[in-house]
Amino acid sequence: METRHPRPTPYPRRKHTPPFWQADKPYLHEHNISDARFRLLGYLMALLAGAINAGGFFAVARYTSHVTGEMSHAADMAYLGEWRLALTALAGMVFFISGAAHSSWVILWAKRQRFRGGFGFSMWLEAVYLLLFGAVGAIVADWHSGSLPVAAMLLLCFIMGMHNTVITVLSGGSIRSTHMTGTATDLGIEISKMLYYNRSNNPKLPHIHTNKPKAKLLAGLLAAFLAGGLIGAWGYHSVGHYFALPVSAVLFVLGFGSIGYDVKLRLKLMLVRRLQQHRRGR
């Protein structure tokens with residue numbers, strides 16, 4: 001009796017998985033964003049975060065992106081019995097979280113309404129709040145009196161929470177624009193892989209893969225944040241609170257692509273519906 005051999009099963013096709021930074025669907029255009037444009041967006045967001053953080057330090061005497069520092073400062077002040085300072089530091093953390101929640105809510109709301117410009121709209125709102133900060137600082141003569149510096153600090157914490165959320169959600173948690181501690185840690189891990197691979201030729205040891213594109217991205221983010229800090233410090237010492245104007249302008253430009261696409265799409269839909277109604281009315 002002839003034995004039939006089972007047909008060899010073909011190798012399963014690998015499912016195409018999008019790059020790590022497309023985990024939450026890019027928003028800038030109707031087409032998928034390229035790797036180069038994504039890197040550029042990450043660098044720009046890190047640069048703007050550095051500028052806001054450094055410029056804001058000279059305005060409110062506090063680094064508003066450092067949630068870790070605020071929590072440590074709150075603990076120190078609570079131990080010393082400086083409850084007002086401790087509560088102020090905790091309020092900064094709460095406002096940072098509130099800004100992140102506000103930005104995320106805007107993005108989720110836009111998705112539910114089938115808009116693709118939620119990220120851009122969040123950038124525009126951040127730019128408006130930053131303009132409010134700059135306008136108040138430019139108008140008020142005695143900036144460092146009363147409770148105004150505390151309110152300004154809390155507003156900057158809120159803005160920084162929004163700023164960090166946009167690129168965090170867009171990259172699926174792979175990039176943080178305001179927190180360089182995690183970025184430096186990830187870069188150190190990749191450097192250790194490079195050194196381990198170069199210094200070990202023992203075939204019994206496991207092969208370590210180095211993610212060089214990720215390492216370049218992390219190094220670029222650190223450099224962009226540092227460059228933004230220099231620009232923000234120079235800008236505040238040069239023009240004062242007016243330094244918020246160019247930063248807001250860049251945010252408006254970054255968000256214009258996605259919002260403009262939504263507006264164009266909605267206008268086309270309105271035009272098509274009116275044409276259909278006009279034909280039915282004949």
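These are my notebook entries on what I looked up in this structure, which is a predicted model.

**Entry 1: overall picture**

I began with the secondary structure of the protein, which comes to 8 helices and 0 strands, and from the N terminus on I read the elements as α-α-α-α-α-α-α-α. I then looked up burial, and of the 282 residues of the protein 38% count as buried. For the accessible surface I noted about 17,600 Å², with 64% of that belonging to carbon and sulfur atoms. Turning to contacts with a separation of 6 or more, I found that 75% of them are accounted for by residues 24 or more positions apart.

**Entry 2: confidence**

Before going into detail I checked the pLDDT, whose mean for the protein is 81, with 81% of the residues reaching 70 or more. Over residues 20–31 the pLDDT stays under 50, although the model has 40 contacts beyond four places in sequence for this stretch. I remind myself that where pLDDT is low, the predicted coordinates should not be read in detail.

**Entry 3: helix 4 and Ser-248**

I tested the length of helix 4 (residues 118–139): at 1.5 Å a residue its 22 residues should span 32 Å, and because its end C-alpha atoms are 32 Å apart, the model agrees with this expectation. Among the buried residues of helix 4 I listed Gly-118, Phe-119, Glu-126, Ala-127, Leu-130 and Gly-137.

Which residues is Ser-248 in contact with, leaving aside its neighbours within four places in sequence? I found Ala-127, Leu-130 and Leu-131. Ser-248 itself is found in helix 8 (residues 244–281), and I counted Ser-248 as buried because its relative accessibility is 1%, where the cut-off for buried is under 20%.

**Entry 4: salt bridges**

Next I looked for charged pairs, since side chains of opposite charge can pair when their charged atoms come close. The count comes to 2 salt bridges.

In one of them Glu-70 pairs with Arg-62, and the closest N and O atoms are 2.9 Å apart; I noted that Glu-70 and Arg-62 are both buried.

Lys-193 also forms a salt bridge, with Glu-190, and here the closest N and O atoms are 3.6 Å apart. Why are Lys-193 and Glu-190 separated by about one helical turn? They are 3 residues apart in helix 6 (residues 180–199), so about one turn lies between them. In general, an α-helix has 3.6 residues a turn, so residues three or four places apart point the same way. The partners are covered to unlike degrees: Lys-193 counts as partly exposed because its relative accessibility is 26%, whereas Glu-190, at 3%, counts as buried.

**Entry 5: Ala-61**

I also looked up the backbone of Ala-61, which has a positive phi of about 60° although it is not a glycine. Ala-61 is found in the loop between helix 1 (35–60) and helix 2 (67–80). Is Ala-61 buried or exposed? Its relative accessibility is 56%, so Ala-61 counts as exposed.

**Entry 6: a nonpolar surface patch**

Last, I looked at the surface, where Leu-131, Val-239, Tyr-242 and Leu-245 make a nonpolar patch of about 360 Å². One of these residues, Val-239, lies in helix 7 (residues 212–239), and I recorded Val-239 as partly exposed because its relative accessible area is 44%. Leu-131 had already come up in my notes as a contact of Ser-248, and here Leu-131 appears again as part of the patch.

Technical notes. Residues are numbered from 1 along each chain as its sequence is written. This is a predicted model: local features need pLDDT of at least 70, side-chain atom pairs count only at pLDDT 80 or more; totals for chains, interfaces and linings use all residues. Side-chain values use heavy atoms; hydrogens and water are left out. Helices (H or I, at least four residues) and strands (E, at least two) are DSSP runs, numbered from the N terminus. Buried means under 20% relative accessible area, exposed over 50%, partly exposed in between (1.4 Å probe, protein chains only). Contact means heavy atoms within 4.5 Å. A salt bridge is a side-chain nitrogen of Lys or Arg within 4 Å of a carboxyl oxygen of Asp or Glu. Patches are made of residues with over 30% relative accessible area and no salt bridge: like charges are joined within 9 Å, nonpolar side chains (Val, Leu, Ile, Met, Phe, Trp, Tyr) within 5 Å. Accessible areas come from the Shrake-Rupley method with a 1.4 Å probe; for residues, only the protein chains shown count as cover. pLDDT is the predictor's confidence in each residue, from 0 to 100. The expected span of a helix is 1.5 Å times one less than its number of residues.
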